[in-house]
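Good morning, colleagues. Please take a moment to look at the sequence and the structure on the screen before I begin.

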Amino acid sequence: MRREAIRPNSVLVSLLLATLIAWLGLDSVSVSPNRIVPGRGIDVLGVAGWGGVVASVAPMFVVLGLAWRPTPGRLRWATGLVVLMLSALPVWLVVAAALRVDPDMPQARMGIGGGVWVALFLLLLALIELRTRLALSRVLGWALLLVPLASLTACLALGLEPLALRQEYQGRSGAFVSAIGEHLLLVGVAVSLSLLLGIGLAMAMRHWPRAQRMGFAVLNFLQTIPSLALFGLLLAPLAWLSGRFEWLAALGVSGIGWAPALLALVGYSLLPMVRNTYVALDEVDPDVIDAARGMGMSRGQVFRQVRLPLALPVILEGIRITTVQAIGLTAVAALIGAGGLGTFIFQGLGQAAMDMVLLGALPILVMALVADALLGALTDLLRSGGAT
């Protein structure tokens, strides 16, 4: 009996080929004498010569070979090599800074080139593909990233002084910490309010079925309004209210600032929250509810002890979607004076300083990924607990 041929993992092969092309075809770093002068791009060959080219692409070819005949053992080796390549990216930046930044020029800066960013993105996708193929747990998948994070931490401690992103942070460290606090506070309040309102609206729709169509129509309409337009629509009413009622002005409510940003974020957050809560509560097995009532439970006990625990995983999915969405939308709120990390993004765009843009954008990306991972893991835990 003939053994079935092992097919190549086309996804992994495509990702590694794209990584190889980006790594060799795009600039690895850019070096400029100061913040004002545009940087000069340097590719891999220009950074470390042919020796650096061979050393950096060799693991990619090895992973390509392993992905061509992807047995479980080979995929485990490929996973280790992908983690190794991710860990080597900060080391590559240290090497580039040592070789290509003039130590006699204290204002010299080194930016991260497109080749490094694209390689980072594609290698992370490759790691996700490998985690899926090997059926690794979510916790183990995130644990694999601890090695690259440790490498980055060590490189930041031992070198990378000329890194432009680091210099932008050092010049604004106090404002950066304050912006993170403002961002998290605005997101936390918006998600908490949308959770309370979402549960209330979902229960009202279940109690009055006629309100369901109208309620979802209004929430869908709110989602179609562009964020900047919604912020603008709230300016005049809130300015009028703060001028008419002194207690609102004393709370800090005005046409600009946190008030319109919070209202807009809550408005955008309601649809996923209400939809998931409504579906979660409505799809609990009627036989389970009948059994609970047959045991003598009151209506309130059935809701608290049966319906809500069974619906909780789906409700948590709504909270996850809402949180990730709010983390991103809060960046736009900086345009109306609400603060947060979006301040650095728009200041960087105004000054054509891409490293300042990254200073605001990268923490937002990390926040969204961490929130998604934590809430996703909690949802999986509840579902596995419910299954047992």
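Which domains does the domain assignment of the protein give? The assignment gives domain 1, covering residues 10-164, and domain 2, covering residues 173-385. I should state at the outset that this is a predicted model.

Let me turn to how the two domains meet. Their C-alpha centres are 35 Å apart. On the side of domain 1, 6 residues are in contact with domain 2, and on the side of domain 2, 12 residues take part. Together, domain 1 and domain 2 bury about 660 Å² between them, and 60% of that area is on carbon and sulfur atoms. Within domain 1, the residues that lose the most area to domain 2 are Arg35, Arg138 and Trp142, which together make up 66% of what that side buries.

What of specific polar interactions? Between domain 1 and domain 2, the count of salt bridges is 0. The count of residue pairs in polar contact, with both residues at pLDDT 80 or more, is likewise 0. As for composition, the side of domain 1 that touches domain 2 has 3 nonpolar residues, 3 charged residues and no polar residues.

I shall close with a single residue, Ala291. This alanine is found in helix 13, which spans residues 286-294. Is Ala291 buried, partly exposed or exposed? Ala291 counts as partly exposed because its relative accessible area is 41%, and that class lies between the cut-offs of 20% and 50%. Ala291 and Met214 are separated by 77 residues in sequence, and their C-alpha atoms are 33 Å apart in space.

Thank you for your attention.

Terms used
Residues numbered from 1 in each chain as written. Predicted model: local features only at pLDDT ≥ 70, side-chain atom pairs only at ≥ 80, totals over all residues. Heavy atoms only, no water. Domains from an automatic or database assignment. Contact = heavy atoms within 4.5 Å. Buried area = accessible area lost by both parts, 1.4 Å probe. Salt bridge = Lys/Arg side-chain N within 4 Å of Asp/Glu carboxyl O. Polar contact = N/O pair within 3.5 Å; in protein donor to acceptor, adjacent residues only side chain to side chain. Nonpolar A, V, L, I, M, F, W, Y, C, P; charged D, E, K, R; others polar. Helix = DSSP H or I, 4+ residues; strand = E, 2+ residues; numbered from the N terminus. Buried < 20%, exposed > 50% of the residue type's maximum accessible area, 1.4 Å probe, protein only.
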